[in-house]
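Okay, thanks for coming, everyone. I'd like to walk you through one fold today, piece by piece, so have a look at the picture and then we'll start.

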Amino acid sequence: MAARILMGKEFAQKFKAEAQKGAASIREKYGVTPGLAVAIVGDDPASQVYVRNKHKTCEELGIFSQVISLPATITPDDLMAQIDALNADKRIHGLLVQLPLPQHLRAYEGKILERIDPLKDVDGFHPVNVGRLSLGKPGLVPCTPLGCIKMLELAGIEIDGKRAVIIGRSNIVGKPMAKLLLARNATVTICHSHTQNLAAITREADILVAAVGRPEFVTADMVKPNATVIDVGINRLAPKKLVGDVDFAAVQEVAGAITPVPGGVGLLTVAMLMQNVVAAAKMQLQQTQ
Ligand code: NAD
């Protein structure tokens, strides 16, 4: 039987509506509009599309949005000074630096991300928020894995006691996804480029998350019948051809539920960013009371 297709759009609409409601209730309670600042360095076309999309979504949901476009030649010190100013700006509750940074700044990426006030760190990349997630404490969680876990919950897919396997151990997707699943009592395995007998491990998964960045890497023989398969991968094969990390056509014949690419979890990331801005605003406003 063909799998249930988990369409990102349906979930994203719900998550955005929640963010809109949250922003309205903050305005009502505190007389403050939650605000997001995105600093973009250089003119990478893909990054510009992502940033425009964030800005547009903020406007739709009643969130103040500021895009700070900085020259590719900016020095690390000048970029940090910009972050300091945004950390101090009362209109801004969420702050992120769009990645990837231009080549000459990549060596400073950790330092730059650590400069962001953890209370405003709506990407959830600051070590304080990484630590809070590891400890199971409330904090700001990276948007893509947060979207995946909320989608699983909303779809009614059982996590407690299930075997979850994640392919990919990045700080942005794989590791936080593992922590979120663990916090919901899944038995979690993280696989990566050095993992041996990968297919034998993935075949044990009730929930399989692919975050590899390799087109159609997960084939039908790697999937347990009736498993839930979450495809985080975005691979551009041609200007208008995007595929995920999962061989969708073949795997949907085996899986119980599956996310498509495009149209799957990719749509959830911005929705979760909006929720993080609202959550960050709430935390900051509660602290000042
Ligand atoms: P990454 O390159 O940082 O990490 C890839 C991971 O895959 C690594 O941990 C590596 O060990 C693992 N890997 C590579 N080859 C492997 C192999 N042969 N076997 C097992 N593991 C292997 O990538 P990332 O930032 O985690 O992103 C992963 C994918 O998700 C990319 O396609 C990216 O574009 C996509 N992505 C999508 C969103 C979104 O939907 N909004 C957000 C972030 C990333």
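Let's begin with helix 2, which lies across strand 2, strand 3 and strand 4 and runs at about 165 degrees to strand 2. Before I go on, the small print: this is a predicted model, where local features need pLDDT of at least 70 and side-chain atom pairs count only at pLDDT 80 or more, while totals for chains, interfaces and linings use all residues. Residues are numbered from 1 along each chain as its sequence is written, and side-chain values use heavy atoms, with hydrogens and water left out.

Some vocabulary too. Helices (H or I, at least four residues) and strands (E, at least two) are DSSP runs, numbered from the N terminus. Axes are lines fitted to C-alpha atoms, for helices over the stretch in contact, and angles run from 0 to 180 degrees between N-to-C directions. Contact means heavy atoms within 4.5 Å.

Back to those strands. What order do the 3 strands of this open sheet take? They go 3-2-4, and the pairing is parallel; two strands pair if DSSP finds at least two bridges between them. Strand 3 (64-70) and strand 4 (94-97) sit at the edges with a single partner strand each, so each has one side without a neighbour in the sheet. On average, neighbouring strands here are turned by 15 degrees against each other, direction ignored. Strand 2, residues 35-41, is joined to strand 4 by 4 bridges, and if you want a spot to click on, Ala-39 stands opposite Val-97 in strand 4. Helix 3, residues 76-88, also lies across strand 2, strand 3 and strand 4, at about 165 degrees to strand 3.

Follow the chain out of strand 4 and there's an oddity. In the loop between strand 4 and helix 4 (109-115) you find Pro-100, and the peptide bond from Leu-99 to Pro-100 is cis, with omega near 0 degrees.

Now, helix 2 has another partner. Helix 2 (residues 45-61) packs against helix 10 (residues 268-287) at about 55 degrees, with the axes 10 Å apart. That makes the two helices oblique to each other, because angles under 35 degrees count as roughly parallel, over 145 as roughly antiparallel, 65 to 115 as roughly perpendicular and the rest as oblique. On the helix 2 side, the contact uses Asn-53, Lys-54, Thr-57, Cys-58 and Leu-61, and helix 10 brings Val-270, Leu-273 and Met-274. By class that's 5 nonpolar, 2 polar and 1 charged. For the classes, Ala, Val, Leu, Ile, Met, Phe, Trp, Tyr, Cys and Pro count as nonpolar, Asp, Glu, Lys and Arg as charged, and the others, Gly among them, as polar.

Zooming out: the chain is divided into domain 1 (31-117) and domain 2 (143-266), with bounds from an automatic or database domain assignment. Their C-alpha centres lie 29 Å apart.

On to the other sheet. This open one has 6 strands in the order 1-11-8-7-5-6, again with parallel pairing. Strand 1 (4-5) and strand 6 (187-191) are the edge strands, each with a single partner, so one side of each has no neighbour in the sheet. Strand 8 (residues 228-231) pairs with strand 11 (residues 257-258) over 2 bridges, and Val-229 stands opposite Ile-258 in strand 11. Helix 7 packs on this sheet, touching strand 5 (163-167), strand 6 and strand 7 (207-210), and its direction makes about 170 degrees with that of strand 5.

Helix 7 (residues 174-183) also packs with helix 6, at about 30 degrees and with axes 9 Å apart. Which residues of helix 6 meet helix 7? Pro-145, Leu-146, Cys-148, Ile-149 and Leu-152, and they meet Pro-176, Met-177, Leu-180 and Leu-181. That contact has 9 nonpolar residues, no polar and no charged.

Helix 6 (residues 143-154) also comes up against helix 1 (residues 8-30), with the axes within 11 Å and crossing at roughly 105 degrees. Those two helices are therefore roughly perpendicular. Phe-11, Lys-14 and Phe-15 of helix 1 touch Gly-147, Lys-150, Met-151 and Leu-154 of helix 6. Here the split is 4 nonpolar, 1 polar and 2 charged.

Two last backbone spots. Asn-185, in the loop between helix 7 and strand 6, has a positive phi of about 70 degrees although it isn't a glycine. And the bond from Val-261 to Pro-262 is cis, with omega near -5 degrees; Pro-262 is in the loop between strand 11 and helix 10.
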